[in-house]
Amino acid sequence: MPLKPGMSFGNIVAEILRSYKKTGRIGNITPRNAKHALKIAQAIAAKRTGAQRK
C-alpha cells in the first residue's frame, strides 16, 4: 500500500480501502467494520493532502 506523493484524496482512500478488503487491517489498526474503515481512510487522506472533508 505505497501512498505516492501527489495522489488525490479519492485515490488515497481507494488504495487504503483496497488494502483493508485484502488484509482486514489498515496499518496497525483493525477497523470494526467497513464504515469505520472508510472514516479512517478519509482521515488519513485528509492529513496527507491537506483537504478538509466531513
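Which residues make up the largest nonpolar core here? In this predicted model, the core has 12 residues: Leu-3, Phe-9, Ile-12, Val-13, Ile-16, Tyr-20, Ile-26, Ala-37, Ile-40, Ala-41, Ala-45 and Ala-46. Two helices feed into it, with α1 (9-23) and α2 (34-49) each giving at least two residues.

**Helix α2**

Let's start with α2. On its buried list are His-36, Ala-37, Ile-40, Ala-41, Ala-45 and Ala-46, and the buried residues of this helix pack against α1. What about its length? With 16 residues at 1.5 Å a residue, α2 should span 22 Å, and its end C-alpha atoms are indeed 22 Å apart, so the two values agree.

Both ends of α2 have something to look at. At the start, Asn-33 has a side-chain oxygen that comes within 3.2 Å of the backbone nitrogen of Lys-35. Past the other end sits Gly-50, which follows α2 and has a positive phi, near 80°.

**Two core residues up close**

Val-13 is a handy one to click on. This residue lies in helix α1, and its relative accessibility of 10% is why it counts as buried, the cut-off being under 20%. Val-13 and Leu-38 sit 25 residues apart in sequence, yet their C-alpha atoms are 7.5 Å apart in space. Leaving aside residues up to four places away in sequence, Val-13 touches Leu-38, Ala-41, Gln-42 and Ala-45. Of these, Ala-41 and Ala-45 are also listed in the core.

Tyr-20 is another core member. With sequence neighbours up to four places away again left out, Tyr-20 touches Arg-25, Ile-26, Pro-31, Asn-33, Ala-34 and Ala-37. That list includes Asn-33, the residue whose side-chain oxygen reaches toward Lys-35 at the start of α2.

**The salt bridge**

How many salt bridges does the structure hold? There is 1, and it joins the side chains of Glu-15 and Arg-18 at 3.1 Å, N to O. Why do these two sit about one helical turn from each other? They are 3 residues apart in helix α1, and that spacing accounts for it.

Here is how the two partners, along with Val-13, come out for accessibility:

| Residue | Relative accessibility | Class |
|---|---|---|
| Val-13 | 10% | buried |
| Glu-15 | 22% | partly exposed |
| Arg-18 | 51% | exposed |

Arg-18 makes the exposed class because its 51% is over the 50% cut-off. Glu-15, at 22%, lands in the partly exposed class because that class runs between 20% and 50%.

Key: Residues are numbered from 1 along each chain as its sequence is written. This is a predicted model: local features need pLDDT of at least 70, side-chain atom pairs count only at pLDDT 80 or more; totals for chains, interfaces and linings use all residues. Side-chain values use heavy atoms; hydrogens and water are left out. A nonpolar core is a set of buried Ala, Val, Leu, Ile, Met, Phe, Trp, Tyr and Cys residues joined through side-chain atoms within 4.5 Å. Buried means under 20% relative accessible area, exposed over 50%, partly exposed in between (1.4 Å probe, protein chains only). Helices (H or I, at least four residues) and strands (E, at least two) are DSSP runs, numbered from the N terminus. Contact means heavy atoms within 4.5 Å. The expected span of a helix is 1.5 Å times one less than its number of residues. A polar contact is a pair of N or O atoms within 3.5 Å; within protein, one must be able to donate a hydrogen and the other to accept it, and residues adjacent in sequence count only if both atoms are side-chain atoms. A salt bridge is a side-chain nitrogen of Lys or Arg within 4 Å of a carboxyl oxygen of Asp or Glu.
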